[in-house]
Amino acid sequence: MKKIFLSVVVLMSLLFGCSKGSSGDSLKWEDNFETALQKAKSENKAVLVNFTGSDWCQWCIKLSDEVFSKSEFEDYAEENLILVKIDFPQSIEQSAETKMYNNQLAQKFGIQGYPTILLFNSTGNLVLTTGYQPGGPVSYVDHLKNSL
């Protein structure tokens, strides 16, 4: 009986440990676009808005794993970007207010799919609409830099 109980506990630990979506970055994501724009203007930084389905969208997870969680991107972002994550999860709880805000923002910018990345310069002008790009963090940073 103890063996069965221990096996169940180990199995449950593995399942719960692996069931979280893969968003292993240590970035400071804002959740309000307008606040981020104000902060960007005062710090003379660009704003990167990540429209994502963080717990179900495979391309979003791939972008997070291959780019956002890497030190090359994290270093660039810390120095040059205000990051905003507008999330549309399937199994992560969100308040009704957050869902409404995220939907309104997606509608405002005509978001059709995920991930959609919008890049605004420090004055608040949209300079790039993109998504997942192959090539890793260095290539992605260069992709962003070329638009600023």
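## Close-up views of the sheet and its helices

**View 1. Val49 and Val84 in the pairing of strand 2 with strand 3.** Val49 stands opposite Val84 in strand 3, and this view of the predicted model is centred on that pair. Strand 2 and strand 3 pair in the parallel sense, with seven bridges between them. Asn50 likewise has a residue opposite it in strand 3, namely Lys85. From strand 2, Ala46, Leu48, Asn50 and Thr52 point one way, whereas Val47, Val49 and Phe51 point the other way, and all of these residues are buried. Because seven of the seven residues of strand 2 are buried, the strand is largely enclosed by the rest of the structure. Strand 3 is also largely enclosed, since six of its seven residues are buried.

**View 2. The open sheet, its strand order and its edges.** The sheet is open and is formed by five strands in the order 1-3-2-4-5, with mixed pairing. Strand 1 and strand 5 (126–130) stand at the edges and have a single partner strand each, so that one side of each is left without a neighbour in the sheet. Strand 1 runs parallel to strand 3, to which it is joined by two bridges, and Trp29 is found opposite Leu83 of strand 3. Strand 2 and strand 4, by contrast, run antiparallel and are joined by five bridges. Within this antiparallel pairing, Leu48 has Leu119 of strand 4 as its bridge partner, while the bridge partner of Val47 is Phe120, also in strand 4.

**View 3. The buried and exposed sides of helix 2.** In helix 2 (residues 33–43), the buried residues include Phe33, Ala36, Leu37 and Ala40. These four cover an arc of only 105° around the axis, which puts them on the same side of helix 2. An α-helix has 3.6 residues a turn, so residues three or four places apart point the same way. On the other side of helix 2, Gln38 and Ser42 are exposed. The packing partners of the buried residues of helix 2 are strand 1 (29–30), strand 2 (46–52), strand 3 (81–87), helix 5 (96–108) and strand 4 (116–120).

**View 4. The two ends of helix 2.** At the start of helix 2, a side-chain oxygen of Asn32 comes to within 3.1 Å of the backbone nitrogen of Glu34. Just after helix 2, Asn44 takes a positive phi of about 55°, a positive value in a residue other than glycine. Asn44 is placed in the loop between helix 2 and strand 2, and with a relative accessible area of 61%, above the 50% cut-off, Asn44 counts as exposed.

**View 5. Helix 4 and helix 5 across the sheet.** Helix 4 (residues 71–80) lies across strand 2 and strand 3, and its direction makes an angle of about 110° with strand 3. Helix 5 also lies across strand 2 and strand 3, and it too runs at about 110° to strand 3.

**View 6. The crossing of helix 3 and helix 6.** Two packed helices are described by the angle between their axes and the distance between the axes. For helix 3 (residues 58–68) and helix 6 (residues 136–145), the axes come within 7 Å and cross at roughly 95°. The two helices, helix 3 and helix 6, are therefore roughly perpendicular to each other. Leu63, Glu66 and Val67 of helix 3 make the contact with Gly136, Pro137 and Tyr140 of helix 6.

**View 7. Thr52, Ser64 and the cis peptide bond before Pro115.** Thr52 belongs to strand 2 and, at 4% relative accessibility, counts as buried because this value lies under the 20% cut-off. Leaving aside residues up to four places away in sequence, Thr52 touches Cys60, Lys85, Ile86, Asp87, Phe88 and Tyr114. Tyr114 is joined to Pro115 by a cis peptide bond, with omega at about -5°, and Pro115 has its place in the loop between helix 5 and strand 4. Ser64, in helix 3, lies 51 residues from Pro115 in sequence and 9.9 Å from Pro115 in space, C-alpha to C-alpha. At 6% relative accessibility, Ser64 also counts as buried.

How values were computed: Residues numbered from 1 in each chain as written. Predicted model: local features only at pLDDT ≥ 70, side-chain atom pairs only at ≥ 80, totals over all residues. Heavy atoms only, no water. Buried < 20%, exposed > 50% of the residue type's maximum accessible area, 1.4 Å probe, protein only. Arc of directions from axis to C-beta. Contact = heavy atoms within 4.5 Å. Polar contact = N/O pair within 3.5 Å; in protein donor to acceptor, adjacent residues only side chain to side chain. Pairing = 2+ DSSP bridges. Axes fitted to C-alpha atoms, helices over the stretch in contact; angles between N-to-C directions. Parallel < 35°, antiparallel > 145°, perpendicular 65-115°, else oblique.
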